[in-house]
Amino acid sequence: MTDRKHNIFGVIPTDKVGWRSPSNIALVKYWGKKSGQIPANASLSLSLKESVSETIITFSPAKEKDFKIDFYLDNEIQEQFSKKIKTYLESILHSMPFIAQLDFKIESKNTFPHSAGIASSASGMSAIALCLCDIERKYFDKDSSDEKFFQRASYFARLGSGSAARSIYGGISLWGEVEGIRSSSNKFAINIDKDSDDIYKSFHDSILIVDSSEKKVSSSLGHSLMTNNTYATNRFLQANENIKTILKILKTGDLKSFINIVESEALTLHSMMMTSNPYFILMKPNTISIIEKIWEFRKETDVPVCFTLDAGPNVHILYPDPFEQKVKSFIESELLKFTYNNVVIHDNVGNGPEKIV
Ligand code: DP6
């Protein structure tokens with residue numbers, strides 16, 4: 001029986017761990033939460049391959065009574081982030097008491113450009129959670145199975161950022177309790193690849209950068225505004241229905257129905273923003289122009305390509321591998337003009353986190 005509170009080595013020595021962890025794009029969106037980072041509805045996402053955070057945590061016995069965090073992004077110390085991560089670590093101290101014994105130097109890098117406007121909280125927080133669970137496994141819980149390890153990492157990633165819970169796995173992840181899905185939970189995500197057609201693991205996600213500026217409304221604020229949104233209750237019911245439907249669609253490889261649900265989810269997410277109080281719009285005119293072009297292209301060619309959006313103006317274009325050339329030339333010829341500085345990030349579904357140190 002493991003005892004995570006008692007270190008077999010007495011004092012944890014100076015050491016380091018490192019993980020590479022991906023960003024993910026939600027197909028059914030998480031927007032609205034209850035206290036303790038419990039989602040108002042289940043969500044489902046594809047983990048990406050190229051858009052990742054690489055995080056190395058060097059730790060040593062704490063020099064003072066209060067443990068210390070220095071967080072570096074691209075080799076530059078980030079005071080604000082250091083404080084945020086300190087608060088996060090304090091919030092999980094009761095589950096990981098060893099944290100209080102250590103000082104931490106956290107060095108993180110994102111492979112996607114800073115200007116890309118891609119949220120790094122999913123990849124960044126999942127990488128940190130994996131590192132923490134790795135320290136725990138090494139010094140307290142050596143016999144923990146991989147399954148338990150990743151489940152615990154997803155649990156702690158969620159406490160840092162909800163969508164990060166889903167980045168712990170490659171392929172397709174489901175976060176949130178769903179009737180009939182054994183082991184689905186509001187507290188951690190699970191991988192559902194084995195219940196999905198292989199076509200989805202071949203999916204590409206070409207991210208068209210429409211605007212690279214900082215988010216105008218943080219996800220935390222956006223989530224909290226759902227509390228008083230008149231449409232929230234129905235939205236949560238709809239999302240849970242969409243989860244059940246998409247789980248069936250994923251099994252069969254019915255791309256037409258897949259596209260219908262994915263695009264509807266993206267537009268519903270943004271309609272929740274427009275119907276919040278205060279209301280806000282994160283799409284830009286070029287976001288709409290790209291969407292219209294995708295609809296035209298799909299109608300003319302029958303290529304199973306669709307879009308989704310996260311909490312911002314950039315457009316994620318999703319398509320299965322056999323259509324790569326057709327969609328990429330369509331992007332080049334028809335869509336680049338709507339992007340900021342011609343920035344497109346071509347990514348695809350990846351295999352999930354990897355230990356790097
Ligand atoms: C629109 O996970 O960033 O991308 O839990 O407050 O950190 P916090 O929110 P976050 O919200 C993600 C919102 C979304 C949809 C999604 O990824 O499901």
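Let's start with a hollow: the second largest pocket holds about 540 Å³ of space. A pocket here is an open set of points on a 1 Å grid over the protein atoms alone, where a 1.4 Å probe fits, with protein on both sides within 12 Å along at least five of seven lines. Grid points are joined across faces, edges and corners, and the volume is the space filled by probe spheres set on them. Keep in mind that this is a predicted model, where local features need pLDDT of at least 70, side-chain atom pairs count only at pLDDT 80 or more, and totals for chains, interfaces and linings use all residues. Residues are numbered from 1 along each chain as its sequence is written, and side-chain values use heavy atoms, leaving out hydrogens and water.

What lines this pocket? There are 23 lining residues (each with an atom within 4 Å of a point), and Arg182, Ser183, Ile190, Asn191 and Lys194 lie nearest the centre. At least two residues each come from α3 (146-160), β9 (189-191) and α5 (232-252), with α5 giving the largest share, 5 residues. Helices (H or I, at least four residues) and strands (E, at least two) are DSSP runs, numbered from the N terminus. Domain 1 (15-196) and domain 2 (199-348) each put at least three residues into the lining; those bounds come from an automatic or database domain assignment.

Now for the ligand. It has 17 residues around it, and Tyr30, Lys33, Ser161, Gly162 and Ser163 come nearest; a residue counts as near if one of its heavy atoms lies within 4 Å. Helix α4 (residues 219-225) gives the most to this shell, 3 residues. Both domain 1 and domain 2 contribute at least three residues to the shell as well.

Which side chains make polar contacts (a pair of N or O atoms within 3.5 Å) with the ligand? Ligand oxygen atoms sit 2.7 Å from a side-chain N or O of serine 163, 2.8 Å from one of lysine 33 and 3.3 Å from one of serine 219. Taken alone, the ligand exposes 460 Å², and the protein buries 91% of that (accessible areas are from the Shrake-Rupley method with a 1.4 Å probe).

Two backbone details round off the tour. Most residues other than glycine have a negative phi, and most peptide bonds are trans. Aspartate 74, in the loop between β5 (69-73) and β6 (76-77), has a positive phi, near 50°. The peptide bond from asparagine 277 to proline 278 is cis, with omega near 0°, and proline 278 is found in the loop between α6 (255-274) and α7 (285-301).

Definitions and conventions: Polar contact = N/O pair within 3.5 Å; in protein donor to acceptor, adjacent residues only side chain to side chain.
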